[in-house]
2 protein chains.
Amino acid sequence: MDLIFHALADATRRDIVARVLQRPHSVSELAAGYAMSFAAVQKHVAVLERAALVSKERKGREQLVSGEVDTIARAQELLRGYEQLWRARVDAIDALLAADTSADTSADTSDNSDQRDRK
Amino acid sequence: MDLIFHALADATRRDIVARVLQRPHSVSELAAGYAMSFAAVQKHVAVLERAALVSKERKGREQLVSGEVDTIARAQELLRGYEQLWRARVDAIDALLAADTSADTSADTSDNSDQRDRK
DNA sequence: CTAACCTACAACCAAATGGTTGTAGAACGT
DNA sequence: ACGTTCTACAACCATTTGGTTGTAGGTTAG
């Protein structure tokens, strides 16, 4: 997972991912689009490949680079999990507030409010 | 965006994010959970703060660190955009295949296939 | 006031990153 | 067979990163 996010933490690499998701590109085809040496682009592709965000496939003398959407989905699910953690916290606060505003009708509300701060 | 993904490319920092999304923690409270010095955890928090993934708020002599869910949502949307690019490509291929199998009925299908490889 | 605690920041160090150039091997066109 | 093209990899360099220790400033407790 470290590899995935590290690979995405660079604008050039994100641009490469966006390109090869639309259609496979050869390495030199990709390199032509950036103001840096061929070897530099090659290294960026290697970083993406190490993170399984792209895959290379020999096609004659050139190497076709394609995007791996499954890996992107995995990263997305992790972020979604974080959002869920946050949502659970907000829901707990809301429940607490709701119990507070209707405290005059029910006698004791402390019996069901202690399962939210469990570690 | 570089800052966000770079900040998430470390297991310790991701763990910190998960913790403070559930409830705010002080820096020393966070540092107690990891096998490294206080200053190291402080640096990790600084990286997360620079990426706007967490925010600090003075509370007496300690500093409360909270998670910023909006920034997480922004990163998630970027990944979702990548998935959309991929999906558009697959749809185009499907359309191409569908046109291919029914090619004997329609004469030419190449007139509307040139707006997808624009830069 | 003094001691203990939480935080901030600087200096330092080993290792990784992001770029360069150069060399070398395969595959293709003529 | 030969030159060109595409790719891989090594060596090198400047900068950043992730960790350490040490010092110093505020804030709370006694």
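User: Which element gives the largest share of the surface near DNA strand C?
Analyst: Helix 4 of chain A, with five residues. Helices (H or I, at least four residues) and strands (E, at least two) are DSSP runs, numbered from the N terminus. A residue is near a strand if its C-beta atom, placed from the backbone, lies within 6 Å of it. This is a predicted model: local features need pLDDT of at least 70, side-chain atom pairs count only at pLDDT 80 or more, and totals for chains, interfaces and linings use all residues. Residues are numbered from 1 along each chain as its sequence is written, while chains are lettered from A and ligands numbered from 1 in the order in which they are written.

User: OK, and how many residues surround strand C?
Analyst: 21, and the closest are A:S37, A:A39, A:A40, A:G60 and B:S28.

User: What does chain B put there?
Analyst: Helix 3 (27-31), helix 4 and strand 3 (62-67) of chain B each supply at least two residues.

User: Now DNA strand D. Which residues are closest?
Analyst: A:S28, A:E62, B:S37, B:A40 and B:G60, out of 21 that surround DNA strand D. Helix 4 of chain B gives the most to that surface, with five residues.

User: How do the residues near strand D divide by type?
Analyst: Seven nonpolar, eight polar and six charged. Ala, Val, Leu, Ile, Met, Phe, Trp, Tyr, Cys and Pro count as nonpolar, Asp, Glu, Lys and Arg as charged, and the others, Gly among them, as polar.

User: Switching to the chain A fold: what order do the elements run in?
Analyst: α-α-β-α-α-β-β-α from the N terminus on, with five helices and three strands.
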